[in-house]
Amino acid sequence: MDGKFHAVIGAGTGVAVAQTTGQDAIGTAVLLAAGMVASLAPDLDTAGKLANKISLSHKMIQGFVRTAGILLGGYALLALSGAAMYIGLALGVFLLLLAPKFSQRLMLLVSGIAIIAAGIALEAIWAGLAGLYVVIASIASHRGCTHSLIGLLFFGVITFYIHEQFQITGLCWTLMLAYLSHLLADMRFIPGNKRGIKLFWPLSRKAI
Ligand SMILES: [Zn+2]
């Protein structure tokens, strides 16, 4: 499926969860953005040779990396002090300005490593795991592990730690449902998806 299609479903998921949990406008906007990010995450594995043919464009991945840079830099500036602030700021500027200049796969790989480093510096387990997710996606084949139940489970662990840190109502549901929506939308029963996904990877390589 097309990246825009996934993003729209993810945003819709966030709005639906916000409605169900009775959120105000800001809460709705946060869940909308979270749903969009989670629904695009599996296609971070499109950094390889197939990059031009498939769903997530170079520009979109650049947007991802730049947004991560802004969030990281902003968080370091507002919430941290001393050495941790400077490390966070430096990594944020790196993601915002330098990483998007690299080739797609390298950009993702170094961004993932930078996010892991930030996670360690900030003692944020979720960020370390999210960075690891990006690193794995950057070296995995397209529609491989990120499009499987193992990928969903790993994303679930990241979600768990995000919830531990931020405690935002509806965020868990939004992240998990949006990620799941991506896997469903890439399955073969949807018209136009000849390729399907290897849901039970690595146990079975059969495309579903
Ligand atoms: Zn996909």
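**Entry 1. Phe 160 and Tyr 161**

I looked up Phe 160 and noted that this residue counts as partly exposed, at 45% relative accessibility. I recorded that the model is a predicted one. Tyr 161 is likewise listed as partly exposed, with a relative accessible area of 25%. I then examined the aromatic rings and obtained a count of seven aromatic pairs. Phe 160 and Tyr 161 form one such pair, with 5.2 Å from centre to centre and 80° between the planes. I entered this pair as edge-to-face, because an angle over 60 degrees between the planes falls in that class. I also found one aromatic cluster formed by Tyr 133, Phe 154, Phe 155 and Tyr 179.

**Entry 2. Helices H1 and H2**

At what angle do H1 and H2 pack? I read an angle of about 145° between helix H1, residues 3–20, and helix H2, residues 25–40, with the axes 7 Å apart. I noted the crossing of H1 and H2 as right-handed. On the H1 side, the residues in contact include Gly 3, Gly 10 and Gly 14, along with Ala 7, Ala 11 and Ala 18. On the H2 side, I noted Leu 31, Leu 32, Gly 35 and Met 36 among them. Sorted by class, this contact of H1 with H2 holds nine nonpolar and seven polar residues, and no charged ones.

I next turned to Val 30, which is found in helix H2. Val 30 is partly exposed, with a relative accessible area of 36%. Between Val 30 and Val 15 I found a separation of 15 residues in sequence and of 9.3 Å in space, C-alpha to C-alpha.

**Entry 3. Cysteines**

How many disulfides are there? My count came to zero disulfides. I checked the accessibility of two cysteines. Cys 145 counts as buried at 14% relative accessibility, whereas Cys 172 is partly exposed, with a relative accessible area of 27%.

**Entry 4. Backbone angles**

I looked up Arg 143 in the loop between helix H6 (125–139) and helix H7 (149–166). Arg 143 has a positive phi of about 55°, although this residue is not a glycine. Is Arg 143 buried or exposed? I entered Arg 143 as buried, because its relative accessibility of 8% is under 20%.

Gln 167 lies in the loop between H7 and H8. The phi of Gln 167 is also positive, near 50°, in a residue other than glycine. I recorded Gln 167 as exposed, at 53% relative accessibility.

Lastly, I noted that the peptide bond from Trp 201 to Pro 202 is cis, with omega near 0°. Pro 202 is found in the segment after helix H8 (171–185).

Conventions:
Residues are numbered from 1 along each chain as its sequence is written. This is a predicted model: local features need pLDDT of at least 70, side-chain atom pairs count only at pLDDT 80 or more; totals for chains, interfaces and linings use all residues. Side-chain values use heavy atoms; hydrogens and water are left out. Axes are lines fitted to C-alpha atoms, for helices over the stretch in contact, and angles run from 0 to 180 degrees between N-to-C directions. Helices (H or I, at least four residues) and strands (E, at least two) are DSSP runs, numbered from the N terminus. A crossing is left-handed if the near helix is turned anticlockwise from the far one by less than a right angle, and right-handed if clockwise. Contact means heavy atoms within 4.5 Å. Ala, Val, Leu, Ile, Met, Phe, Trp, Tyr, Cys and Pro count as nonpolar, Asp, Glu, Lys and Arg as charged, and the others, Gly among them, as polar. Rings of Phe, Tyr and Trp (its six-membered ring) pair if their centres lie within 6.5 Å; planes under 30 degrees apart count as stacked, over 60 as edge-to-face and the rest as tilted. Buried means under 20% relative accessible area, exposed over 50%, partly exposed in between (1.4 Å probe, protein chains only). A disulfide is a pair of cysteine sulfur atoms within 2.5 Å.
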